[in-house]
Amino acid sequence: MANTGTGGSAGAAGTSGAAGPSICPTLLYRDAKAAIRQLTEAFGFTTVHVYEDDEGRVLHAELRYGNGLVMLGSKDREGGFAKAMADAGPAAAYVVVQDVDAHFQRAGEHGVEILMEPTDQDYGSRDYMARDREGNVWSFGTYVPGVGAEEG
């Protein structure tokens, strides 16, 4: 049985028994293989797993960036999650990067649609915003969620 991307087994709330991120954005794409190429080549994600069906559709993929993970798959699948997401609009995700300007340059070199060039924010972050080939909005910046100014 192939992994369908609906999540793994979990123990008590917030624990799964394994080290890794506890929250992962999950996106479905009309062309999941092209999305994987764009996310790895233009944005620097690393492929962890890709599971395909007999026709070559991506059932479930996991891509890592730093200690974060995004899961993705093809829109034209069966199952509860795929059906719930069938008419969903674009989603948005935020990714912490060390060097916003270098990351921005890499994305631009791969023809990514840039929505906002690197900008210094009032709250101390430097970030930029881009749209992937299927309309999802990706923000990349230096702000680390959950870390207050007194901790950073």
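Begin by selecting helix α1, residues 32–41, in this predicted model: 7 of its 10 residues are buried, so the helix is largely enclosed by the rest of the structure. Colouring A32, A34, A35, I36, Q38, L39 and T40 picks out the buried positions of α1, where buried stands for a relative accessible area under 20%. To see what these residues pack against, add strands β1 (26–29), β2 (46–52), β3 (58–65) and β4 (68–74), together with helix α3 (100–109) and strand β8 (137–141).

Next, keep β8 on display and bring up the open sheet to which it belongs, in which 4 strands follow the order β5-β8-β7-β6 with mixed pairing. At the edges stand β5 (92–96) and β6 (113–120), each with a single partner strand, so that one side of each is left without a neighbour in the sheet. Direction ignored, neighbouring strands here are turned by 15 degrees against each other on average.

Within this sheet, select β7 (residues 126–131) alongside β8, since the two can be followed as an antiparallel pair over 5 bridges; R131 is found opposite V137 of β8. Then return to α3, which packs on the sheet and touches β6, β7 and β8, its direction making about 20 degrees with that of β7.

Finally, zoom out to the whole chain, which holds 3 helices and 8 strands, running from the N terminus as β-α-β-β-β-α-β-α-β-β-β. Of its 152 residues, 34% are buried, and, among contacts with a separation of 6 or more, 53% join residues 24 or more positions apart. A surface view shows about 9,000 Å² exposed by the chain, with carbon and sulfur atoms supplying 49% of it.

Notes:
Residues numbered from 1 in each chain as written. Predicted model: local features only at pLDDT ≥ 70, side-chain atom pairs only at ≥ 80, totals over all residues. Heavy atoms only, no water. Buried < 20%, exposed > 50% of the residue type's maximum accessible area, 1.4 Å probe, protein only. Contact = heavy atoms within 4.5 Å. Pairing = 2+ DSSP bridges. Axes fitted to C-alpha atoms, helices over the stretch in contact; angles between N-to-C directions. Areas by Shrake-Rupley, 256 points an atom, 1.4 Å probe, with all protein chains shown as cover.
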